[in-house]
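Here is a short tour of one protein model. Keep the sequence and the 3D view at hand while reading.

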Amino acid sequence: PPPAAAARWEPPEWAVAPQAPVSLDLVRGGTKMQSLQLSRKRAYVFGRSRERADFAVPDESVSRAHAAIVHGSPADGGRDGGDGDDSEAPLHLIDLGSTKGSFLDTGAGWERLSPHKPTRVPCGAKIKLGDCDTVLVRPSPSSPPSSLPPPPPPLLRAAQPHRLAWRSSSTWIRPRWRSCSRRGQRHRRARSARAARSSGSQKSSTR
């Protein structure tokens, strides 16, 4: 018989649904690609598996269930108040025992998180999963609302595990990433076509 599917990760008891809108920006090379809304439930899992992640990240360095963003604070039993700053809803990042690690930059450089230990994500902080060069950024409350149009359907499909320009099982993030292997295949096909045309021209000239 096929192996049983791995159980989905469950958020801790202190996790609470946010009382105000919360989002993370998907950023690559300093450019915002899209905004991810994280306000509908207590926690969101990021990972490579559509079955185990809310936001599925199609990158080989990302584990099937890599990390979780959790609303609330373990220090106050999840109470949805300021976490040292009344302008911030408490938000935590938990690495779920990933192979390549989860990293947080609060302004002093990237720091790899200890597995299964909640770490607060302040406004302005950046999150990196494994070796991905696309990062998540928690915007400042003073940031103006985004005027970007909604991403096209191939990049973000609601009601399926978000596939990130990354996708989530409530939504799968296919951030606007393009597979290096696909680019390589396109280049190889283009070179083969040019070589075929050149060969044909040489044969014609020798007749």
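Which backbone nitrogen does the side chain of Ser 49 reach at 3.2 Å? The side chain of Ser 49 reaches the backbone nitrogen of Arg 52. Note that this is a predicted model.

**Ser 49 and its loop**

Ser 49 sits in the loop between E3 and E4. The residue is buried, with a relative accessible area of 10%. Buried stands for a value under 20%. Arg 52 is not the end of the story for this side chain. A polar atom of the Ser 49 side chain also lies 3.2 Å from the backbone nitrogen of Glu 51. Leaving aside residues up to four places away in sequence, Ser 49 touches Ala 56 and Arg 64.

**The aromatic rings**

The strands on either side of this loop bring in the rings. How many aromatic pairs does the structure hold? The structure holds two. One of them joins Tyr 44 and Phe 55, and this pair is tilted. Tyr 44 belongs to strand E3 (residues 43-47) and Phe 55 to strand E4 (residues 55-56), so the pair ties together parts that are eleven residues apart in sequence. Both residues, Tyr 44 and Phe 55, are buried.

Phe 55 also pairs with Phe 46. The ring planes of Phe 46 and Phe 55 stand at 15 degrees, with centres 5.0 Å apart, so this pair is stacked. The cut-off for stacking is under 30 degrees. Phe 46 is buried, like Phe 55. Together, ring pairs link Tyr 44, Phe 46 and Phe 55 into a cluster.

Here are the two pairs side by side.

| Pair | Centre to centre | Angle between planes | Kind |
|---|---|---|---|
| Tyr 44 and Phe 55 | 5.8 Å | 45 degrees | tilted |
| Phe 46 and Phe 55 | 5.0 Å | 15 degrees | stacked |

Charged groups meet rings too. The charged end of Lys 41 sits over the ring of Tyr 44, 5.4 Å from the ring centre. Elsewhere, Lys 128 lies over the face of Phe 103, and the distance to the ring centre is 5.2 Å. That second case leads to the sheet.

**The six-stranded sheet**

In what order do the strands of the open sheet of six run? The order is E2-E1-E11-E10-E7-E8, and the pairing is antiparallel. Strand E2 (31-37) and strand E8 (111-112) are the edge strands, and each pairs on one side only.

Start at the E8 edge. Strand E7 (residues 102-105) pairs with E8 over two bridges, in the antiparallel sense. Phe 103 has Arg 112 as its bridge partner in E8. The hairpin of E7 and E8 has five residues between the strands, and Gly 107 there takes a positive phi near 120 degrees.

Next comes the link from E7 to E10. Four bridges join this antiparallel pair. Asp 105 has Lys 126 as its bridge partner in E10. Leu 104 is partnered by Ile 127 of E10.

Move on to E11. Strand E11 (residues 134-137) runs antiparallel to E10, and two bridges join them. Lys 126 stands opposite Val 137 in E11. The hairpin of E10 and E11 has four residues between the strands. In this hairpin, Gly 130 takes a positive phi near 55 degrees.

**Which way the side chains point**

In a regular strand the side chains alternate between the two faces of the sheet. Strand E10 (residues 126-129) shows the alternation: Ile 127 and Leu 129 point to one face and are buried. Lys 126 and Lys 128 point to the other face and are not buried.

What about E7, and are its side chains buried or exposed? Ser 102 and Leu 104 point one way, Phe 103 and Asp 105 the other way, and all are buried.

**Cysteines**

How many disulfides does a search of the whole structure find? The search finds zero. Cys 123 has a relative accessibility of 22%, and counts as partly exposed. Cys 132 has 4% relative accessibility and counts as buried. The limit for buried is under 20%, so Cys 123 falls outside that class and Cys 132 falls within it.

Notes. Residues are numbered from 1 along each chain as its sequence is written. This is a predicted model: local features need pLDDT of at least 70, side-chain atom pairs count only at pLDDT 80 or more; totals for chains, interfaces and linings use all residues. Side-chain values use heavy atoms; hydrogens and water are left out. Rings of Phe, Tyr and Trp (its six-membered ring) pair if their centres lie within 6.5 Å; planes under 30 degrees apart count as stacked, over 60 as edge-to-face and the rest as tilted. Buried means under 20% relative accessible area, exposed over 50%, partly exposed in between (1.4 Å probe, protein chains only). A charge sits over a ring if NZ of Lys or CZ of Arg is within 6 Å of the ring centre and within 35 degrees of the ring normal. A polar contact is a pair of N or O atoms within 3.5 Å; within protein, one must be able to donate a hydrogen and the other to accept it, and residues adjacent in sequence count only if both atoms are side-chain atoms. Contact means heavy atoms within 4.5 Å. A disulfide is a pair of cysteine sulfur atoms within 2.5 Å. Two strands pair if DSSP finds at least two bridges between them.
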